[in-house]
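Reader: Please pick one part of this molecule and go through it closely, starting from the whole chain for context. I would like to know what that part touches and how far the model can be trusted there.

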Amino acid sequence: MDLPRLTLAELRDRRGQAMDEEADLSYVRRMLQGRIDILTDGLGSGVKGTQELVEGLTQTLTGSGPRSSGSARRLTSESGGTGARRRRAERLMTDVGLSDPATMTKAKAEAALLLLRAEERDVSSVRNKVHEVIDALSAELGRRYRSGEAYPTS
């Protein structure tokens, strides 16, 4: 990507798209982490009832659980591969039988954890790459502001 050749509007637009992509990936990652937390907790303390597991997932996804970073965002787009990635994560959670985790055997829960963790690593890897793009675009915008080539907009 030849950033100096992009117009200021193109730089801002691409950074906005990358930030939307990052928000979407963060949401997908959070969904996966919620399921991982519930399964891990269930394996560590014995099988819980469905209601307890649903409450745990709700806390994790709404940001009131221990993983909350205070920056949960709503999905804003299906840009790039995020829509497909989100659908794949949702299918994975369904495919491993997480619709009724109280009925899972220990072996099935452990297998589900392996799959969910692999998917979470994949999403995290892509998210890290998106962070690099955002950083590069932001650095170019900063360079232009410092050099006087661009002025912040209101």
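Author: The protein chain exposes about 9200 Å², and carbon and sulfur atoms supply 51% of that area. Of its 154 residues, 35% count as buried. The model is predicted, and confidence comes before detail. The mean pLDDT of the protein chain is 77, with 66% of its residues at 70 or more. Helix 4 has the highest mean pLDDT among the elements, 92, whereas helix 2 (residues 50-62) has the lowest, 63. Residues 66-79 call for caution: pLDDT stays under 50 there, although the model has 24 contacts beyond four places in sequence for this stretch. Helix 4 is therefore the part taken up here, because its mean pLDDT is the highest among the elements.

The setting is simple to state. The protein chain has four helices and zero strands, and its pattern along the sequence reads α-α-α-α. Among contacts between residues at least 6 apart in sequence, 80% join residues at least 24 apart.

Helix 4 itself has 42 residues. From its first C-alpha to its last it reaches 60 Å, close to the 62 Å expected at 1.5 Å a residue. After the helix comes Gly 148, which has a positive phi, near 90°.

Next, the packing. The largest nonpolar core of the model has 17 residues, and Leu 32, Leu 39, Leu 116 and Val 130 are those with the most contacts inside it. Two or more residues come from each of helix 1 (8-45), helix 3 (82-95) and helix 4 (106-147). Helix 4 supplies the largest share of this core, eight residues. Apart from it lies another core, of five residues, including Leu 3, Leu 6, Leu 11 and Leu 137. In soluble globular proteins, nonpolar side chains tend to be buried together.

Val 130 gives a local view of this packing. Leaving aside neighbours within four places in sequence, Val 130 is in contact with Ala 18, Glu 21, Glu 22 and Leu 25. One of these partners, Glu 22, also has a charged partner in helix 4. The side chains of Glu 22 and Arg 127 form a salt bridge, at 2.9 Å from N to O. This pair ties distant parts of the chain together: Arg 127 belongs to helix 4 and Glu 22 to helix 1, and their positions lie 105 residues apart in the numbering. Are the two residues buried or exposed? Both count as buried, because their relative accessibilities, 17% for Arg 127 and 7% for Glu 22, fall under the 20% limit. Side chains of opposite charge can pair when their charged atoms come close.

The Arg 127 pair is one of six salt bridges found in the whole structure. Further along helix 4, Glu 140 forms a salt bridge with Arg 143, with the closest N and O atoms 2.7 Å apart. These two residues are separated by about one helical turn, because they sit three residues apart in helix 4. An α-helix has 3.6 residues a turn, so residues three or four places apart point the same way. The burial of the two partners can be read from their relative accessibility: Glu 140 is buried at 8%, while Arg 143 counts as partly exposed at 31%. Arg 143 also meets Glu 149 in a salt bridge, again with a value of 2.7 Å from N to O. Glu 140, Arg 143, Arg 144 and Glu 149 are linked in a network of salt bridges.

The contacts of helix 1 complete the picture. Val 28 lies in helix 1 and is buried, with a relative accessible area of 0%. Beyond four places in sequence, Val 28 is in contact with Arg 85, Arg 86, Ala 89 and Val 123. Going by the helix ranges, Val 123 falls in helix 4, and Arg 85, Arg 86 and Ala 89 fall in helix 3. The C-alpha atoms of Val 28 and Glu 90 are separated by 8.6 Å, although the two residues are 62 apart along the chain. Met 31, also placed in helix 1, counts as buried at 7% relative accessibility. From Met 31 to Glu 90 the C-alpha distance is 8.6 Å, across 59 residues of sequence.

Terms used
Residues are numbered from 1 along each chain as its sequence is written. Side-chain values use heavy atoms; hydrogens and water are left out. A nonpolar core is a set of buried Ala, Val, Leu, Ile, Met, Phe, Trp, Tyr and Cys residues joined through side-chain atoms within 4.5 Å. Buried means under 20% relative accessible area, exposed over 50%, partly exposed in between (1.4 Å probe, protein chains only). Contact means heavy atoms within 4.5 Å. The expected span of a helix is 1.5 Å times one less than its number of residues. A salt bridge is a side-chain nitrogen of Lys or Arg within 4 Å of a carboxyl oxygen of Asp or Glu. pLDDT is the predictor's confidence in each residue, from 0 to 100. Accessible areas come from the Shrake-Rupley method with a 1.4 Å probe; for residues, only the protein chains shown count as cover.
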